[in-house]
Amino acid sequence: MIFSTSNRAYNLGPKTSSNRAPIHYAYPRKTGTMNLDLGACSRARLARDARFDGKFFIGVLTTKIYCRPICRSRTSKESNVRYFASAAAAAEAGFRPCLRCRPECSPGTPAWAGTQNTVSRALRLISEKGLEGGSVEALAEHLGVGSRHLRRLFLRHLGATPSAVAQTRRMHFAKRLIDETTLPMTQIAFTAGFGSVRRFNAAIRNVYHRTPSQIRSLAQKMSRQPEDQYHFHLNFRPPYDWERTLEFLAIQATPGVEVAESGYFRRSISVSGNRGYFEVSLDARRNALNVRVQISDPRSLFSMIERIRAMFDLDADWPTIARTLGADPDLAAHISSHPGLRVPGCWNGFELVTRAILGQQIGTEKANALAGRMVRAFGQPFCPANGLTHLFPTPEVLANTDLESIGLLRPQADAIRALARAVRAGQISFEKVVDSDAILMRLSEIPGTGESTAQWVAIRNLREPDAFPSADRNLARALAQGSSSKFEQRSLAWRPWRAYAAIYLWTFAGEIRVHRNVSVPCARKKAPPGKTAFHSRIPVAGRWAS
Ligand SMILES: [Zn+2]
């Protein structure tokens, strides 16, 4: 565990800051109580251990530059380095980002103690939309806490204020656009949310001591990219079981909208009315996913990249998860033989629930065929790349459409229409979710979507690492558990990483050897609300035929 409870480690870095930022990149220093385990940081730094990438940053006093643990630059003496829990904290203490290891490319802060944690939820909101209007007060209000309390929590856990974190993210994104795309600087200024080119230039010069054009000329020369195409490397902390993530997505890929084959995942998207697609593949050598995005308006790139990061679970902290799940005798063998399984997310919550409803009571193949028919009948034709032919139908279209005409049974058709109407009316929104219990409750009111569906939505759409579908009979069967309450009780041993346990159970169902007499902890929390209805197979669209 990198974060310890000792108090001695917090250090604010050098007294001489090179930062006099007009854009508040540097903040008045404030003593936080954020703590890092110095010994663990030091060992990870000396070993250049990629598993710690993004979990902390290293400020070098002699150069006033901050680095990732994996930086290939010469290793500094221990007395010359300071450790920070976030890039924003290093920036606040007056360090500049290293141009060699590029802190902007590090994997994100791992979720800890679940997303119910206020800081995790705030980080999620910031990464989805940034600090809209720049107001910490608005963010705090959205989260239902006071802004002073939110600031205190951020300082304690990340060593930086919410606005510093948001600002650093924006700065990092701008840097990536400079390095990795051929977008004109004026467009980058607006895409990264700087408001004006003058402010963008000043901010970059202040932080990097170079102009945007100088930075671009330092970047590796790129082959000319086709217009509207952007290429990113999104780093993760290894291990990452890409093969099984892809397999998971392939089994329920919606024909015409998603393709998962030959090491690639591809899908069509529509963001704020702009149509496009993205394609993801593994770059094992760089511990990264290669992402190619095509979209006509680059202004949505920031949120798109964050959504892709979430969908492929790039911030997961495997050693921490493995420590909990590996201690369970029923899961241990698979945790060690197949390390790095992630929770495959989804691009769009509406689509996920619609697919879940379609998959009820029928096998995978039939469910996929039905989804394909639905896409061809009601989706917008769009053929941007290999295998993609349509956009998934929108709630507006599905709300009042004759779904029975393509072979849906009446209850299924009614359920999809009810869902589409609720989304259209804003009663269910899959974006900017703060209170997941509320959305799960609303979902379970849609006929045909029960507790199990809601929990899979929490896992795959809301990214709750501790959600668990104990009402999913197929999962329960994998561990020979009878009732859902017994299964819920059994799952408590995996907290706060029950979503990962669910993915392991799903993936290795049938291969798991159940050990008798596994001791389980007492119930600490009662199950989330939601009535139990019949079971849908949301992650699998019917991998287990009824
Ligand atoms: Zn570096």
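This passage walks through the overall make-up of the chain and then a few of its local features.

The model described here is predicted. The protein chain holds 22 helices and nine strands, and 48% of its 546 residues count as buried. Among the contacts in the chain with a separation of 6 or more, 69% are accounted for by residues 24 or more positions apart.

A friendly place to start is helix H1, which spans residues 38-47. Cys41, Ala44 and Arg45 are the buried residues here. Viewed down the axis of H1, the buried residues fall within an arc of 100°, so they line one face of the helix. Their packing partners are two strands, E1 (57-60) and E3 (81-84). On the face of H1 turned away from this buried side sit the exposed residues Gly39, Leu46 and Ala47. Just after the helix comes Arg48, whose phi is positive, at about 50°.

Attention now turns to a pair of helices. Two packed helices are described by the angle between their axes and the distance between the axes. For helix H3 (residues 118-129) and helix H6 (residues 162-180), the packing angle is about 35° and the axes are 10 Å apart. The crossing of H3 past H6 is right-handed. On the H3 side, Ala122, Ile126 and Ser127 make the contact, while H6 contributes Pro162, Val165, Ala166 and Arg169. By residue class, this contact of H3 with H6 divides into five nonpolar residues, one polar and one charged.

Further along the chain lies a hairpin, formed by strands E6 and E7 with two residues between them. Strand E6 covers residues 258-261 and strand E7 covers residues 264-271; the two pair in the antiparallel sense over four bridges. Within this pairing, Val259 stands opposite Arg266 of E7. In the same hairpin, Ser262 takes a positive phi near 45°.

The last feature concerns Asn368, a residue of helix H15, which runs over residues 364-378. With 21 other C-beta atoms within 10 Å, Asn368 is buried, because the cut-off for that class is 20 or more. Asn368 is also one half of a pair brought together from separate parts of the chain: its C-alpha atom is separated by 6.6 Å from that of Gln252, although the two residues are 116 residues apart along the chain.

Technical notes. Residues are numbered from 1 along each chain as its sequence is written. This is a predicted model: local features need pLDDT of at least 70, side-chain atom pairs count only at pLDDT 80 or more; totals for chains, interfaces and linings use all residues. A residue is buried if 20 or more other C-beta atoms lie within 10 Å of its own, exposed if 12 or fewer, and partly exposed in between; C-beta atoms are placed from the backbone. Two strands pair if DSSP finds at least two bridges between them. The arc is that of the directions from the helix axis to the C-beta atoms. Two residues are in contact if their C-beta atoms, placed from the backbone, lie within 7 Å. Axes are lines fitted to C-alpha atoms, for helices over the stretch in contact, and angles run from 0 to 180 degrees between N-to-C directions. A crossing is left-handed if the near helix is turned anticlockwise from the far one by less than a right angle, and right-handed if clockwise. Ala, Val, Leu, Ile, Met, Phe, Trp, Tyr, Cys and Pro count as nonpolar, Asp, Glu, Lys and Arg as charged, and the others, Gly among them, as polar.
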